[in-house]
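Visitor: Could you walk me through this structure?
Guide: Gladly; here it is.

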Amino acid sequence: MWGCSYFVGVFLISVSASIQKVYTEYRMVNQDISFSFKSPKGTIEIVWKFRHDKIVDWSDLSKEPVYYQPYRGRTVINKNTLSINELRKEDVGIYTLEYTFEDGNTEEFKYNLTVLDPLSKPKITCNGNLSVVHMICNKNVTSNEDLVKIKWIYKRVELQDNDPITDHLLVIKDPLNNKGAYVCIVNQPGNSEESDPFQMEDCDGVMYQRHRYFIFFVLIPPFLLVGIALVYQSISKHGKLVWINFKSERSKRLIW
């Protein structure tokens, strides 16, 4: 029993010792990055690796470091930073900094680099009616969608989470009482883009409904009044309308 407990204890210590903090960095394509570090006392060698391949080996800190392809020519190291210029999508991944000390021991630190495509300008579209409108922020993102966040602005005020918002979709009830400009902003680490203002009144569904109600309530009544006036004028001029029954034809005829 004691041996089993001893084994479990040693296993837990080993697992704890192997857990390392991973530093996460975000950059855009073609941007530069500098990984900051501070060499501990007694360091005699510094090695940077990308995945399992060496980037630079500084085995004698009194001499020049040795750089490796494909980072040679766009990488510079000193005692405080490792800089990589003109980042590419293939630079995404884990970078390892390894120190070797005078007593032969080593220590590692890991950096996770994500290289992002710049965001495109989002565009707002919508559909709905006079009761409810669904406004959509088209973010035009093809990669790393989980890193992209959207916020909505109405009359220069950010709509909060308790508003009817589901990421790119904004649900607006009673749109005619919520008229005005709406803007959506897409964000990712180190990058942000804003749409052009979109007027609620320009929503296709709302415009159609408004035009339909305009025709029904504004244009049709005058035509009806004109028609009634013409009939009244005709009656006044030619006399009253009289209904006479013709039993033989079993129908009604209208006679002036």
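The questions and answers below go through the chain step by step.

Visitor: Where should I begin: how many helices and strands does the chain have?
Guide: Welcome! Please keep in mind that this is a predicted model. The chain runs to 256 residues, and buried ones make up 29% of them. As for its elements, the chain has two helices and 20 strands.

Visitor: What share of the contacts with a separation of 6 or more comes from residues 24 or more positions apart?
Guide: Contact here means heavy atoms within 4.5 Å. Among contacts in the chain with a separation of 6 or more, the part from residues 24 or more positions apart is 56%.

Visitor: And the outside: how much area does the chain expose?
Guide: Carbon and sulfur atoms supply 56% of the exposed area. The total exposed by the chain is about 17400 Å².

Visitor: How many disulfides does a search of the whole structure find?
Guide: A disulfide is a covalent bond between the sulfur atoms of two cysteines. One such link joins C126 to C203, with 2.0 Å from S to S. Another joins C137 to C184, with 2.1 Å from S to S. For the whole structure, the search gives two disulfides.

Visitor: How many residues apart are C126 and C203, and where do they sit?
Guide: The disulfide joins C126 to C203. C126 belongs to strand 10 (residues 123-128), while C203 lies in the loop between strand 18 (198-199) and helix 2 (204-238). The pair therefore links distant parts of the chain, by the DSSP runs that set these strands and helices. Along the chain, C126 and C203 are 77 residues apart.

Visitor: Are C137 and C184 buried or exposed?
Guide: C137 is joined to C184 by a disulfide. C137 is in strand 11 (residues 132-138) and C184 is in strand 16 (residues 181-188), 47 residues apart. With 65° about the S-S bond, their link is right-handed. Under 20% relative accessible area counts as buried, and both C137 and C184 are buried.

Visitor: Which pattern do the disulfides follow?
Guide: Count the bonded cysteines along the chain. The pattern is then 1-4, 2-3.

Visitor: Which strands stand at the edges of the sheet with the order 2-7-6?
Guide: This open sheet has three strands with antiparallel pairing. Its edge strands each have a single partner, so one side of each is left without a neighbour in the sheet. They are strand 2 (33-36) and strand 6 (75-77).

Visitor: Within that sheet, which residue of strand 7 is the bridge partner of V76?
Guide: Strand 6 and strand 7 (residues 81-84) run antiparallel and are joined by three bridges. In strand 7, V76 has as its bridge partner S83.

Visitor: How many bridges pair strand 1 with strand 9?
Guide: Strand 1 belongs to an open sheet of six strands in the order 1-9-8-3-4-5, with mixed pairing. Strand 1 (22-28) and strand 5 (66-67) are its edge strands, each pairing on one side only. M28 stands opposite L116 in strand 9. Strand 1 and strand 9 (residues 106-116) pair in the parallel sense, and the number of bridges is seven.

Visitor: Why is F101 called buried?
Guide: F101 is in strand 8 (residues 93-101). Leaving aside neighbours within four places in sequence, its contacts include P40, I44 and T106. The cut-off for buried is under 20% relative accessible area. F101 counts as buried because its relative accessible area is 14%.

Technical notes: Residues are numbered from 1 along each chain as its sequence is written. This is a predicted model: local features need pLDDT of at least 70, side-chain atom pairs count only at pLDDT 80 or more; totals for chains, interfaces and linings use all residues. Side-chain values use heavy atoms; hydrogens and water are left out. A disulfide is a pair of cysteine sulfur atoms within 2.5 Å. Helices (H or I, at least four residues) and strands (E, at least two) are DSSP runs, numbered from the N terminus. Buried means under 20% relative accessible area, exposed over 50%, partly exposed in between (1.4 Å probe, protein chains only). Two strands pair if DSSP finds at least two bridges between them. Accessible areas come from the Shrake-Rupley method with a 1.4 Å probe; for residues, only the protein chains shown count as cover.
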